[in-house]
Amino acid sequence: MAKREDYEQKTEKLLLPIIEANQFELVDVEYVKEGSNWYLRAYIDKEGGITVDDCEMVSRALSDLLDQKDFIEDAYILEVSSPGLGRPLKKEKDFSRSIGKEVEVHLFKPLNKKKEYIGLLQAFDKKNVTIQEENGELLLIPRADIALIRLTFDF
């Protein structure tokens, strides 16, 4: 297992009791390098939206646990935030709650000569995602070909 994945999994285990005690949802944990800095990011949500105070409370509790366990070798910046409107669909529960909603899909390589699609999410499994395009046609997209899939939003 890669160091990054190990850190993310261990952080998730530390976070879950905090998240559950406050009736939040853990959307994602990522450990990424941007420039010369490492970032450990936790994305949390709740019905009605997450607040700055919610993020601060989770950040303080998680920071204390990370200091105690001290399993991350590198210096890093801890961030706890809302996943935002444009969050990608990653986990099965993200896909489940998005059935029937409009999504945008960006592909690594063209499918039918296009790399971007917008449509209603109709179905998904471990291998494929099915969307209904505006013309009513169903399109089966291999998940391995998807670079990004997220809900669309209008301003």
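## The three-stranded sheet

In this predicted model, three strands line up as β1-β2-β3 in an open sheet whose pairing is mixed. The edges belong to β1 and β3 (76-81), each of which pairs on one side only. From one strand to the next, the twist averages 15°.

Let's look at how β1 meets β2: these strands pair in the antiparallel sense, and nine bridges join them. If you would like a spot to find by eye, try Lys-33, which stands opposite Trp-38 in β2.

## Two helices on that sheet

Now for the helices. α1 packs on the sheet and touches β1 and β2. The direction of α1 makes about 145° with that of β1.

α2 packs on the sheet as well, where it touches β2 and β3. Here the reference strand is β3, and the direction of α2 makes about 145° with that of β3.

## The largest nonpolar core

Which residues have the most contacts inside the largest nonpolar core? They are Leu-15, Ile-19, Ile-44, Val-58, Leu-66 and Ile-72, in a core of 20 residues. At least two core residues come from each of α1 (3-21), β1 (25-34), β2 (37-45) and α2 (52-69). The biggest giver is α1, with five residues.

Ile-19 makes a good place to zoom in. Setting aside neighbours within four places in sequence, Ile-19 is in contact with Phe-24, Glu-25, Leu-26, Ile-44 and Val-58. Two of these partners, Ile-44 and Val-58, are also listed with Ile-19 among the residues with the most contacts inside the core.

## A second core

The model also holds a second, separate core, made up of 13 residues. Among them are Phe-95, Leu-121, Leu-139 and Ile-141.

## The five-stranded sheet

A further open sheet is built from five strands, and its order is β7-β6-β5-β4-β8. Its pairing is antiparallel. Which strands form the edges of this sheet? They are β7 (138-142) and β8 (146-151), and each pairs on one side only. The twist in this sheet averages 45° from one strand to the next.

At the β7 end of the order, β7 pairs with strand β6 (residues 128-132) in the antiparallel sense, over five bridges. A handy landmark for this pair is Asn-128, which stands opposite Pro-142 in β7.

Definitions and conventions. Residues numbered from 1 in each chain as written. Predicted model: local features only at pLDDT ≥ 70, side-chain atom pairs only at ≥ 80, totals over all residues. Heavy atoms only, no water. Core = buried A, V, L, I, M, F, W, Y, C linked by side-chain atoms within 4.5 Å. Buried < 20%, exposed > 50% of the residue type's maximum accessible area, 1.4 Å probe, protein only. Helix = DSSP H or I, 4+ residues; strand = E, 2+ residues; numbered from the N terminus. Contact = heavy atoms within 4.5 Å. Pairing = 2+ DSSP bridges. Axes fitted to C-alpha atoms, helices over the stretch in contact; angles between N-to-C directions.
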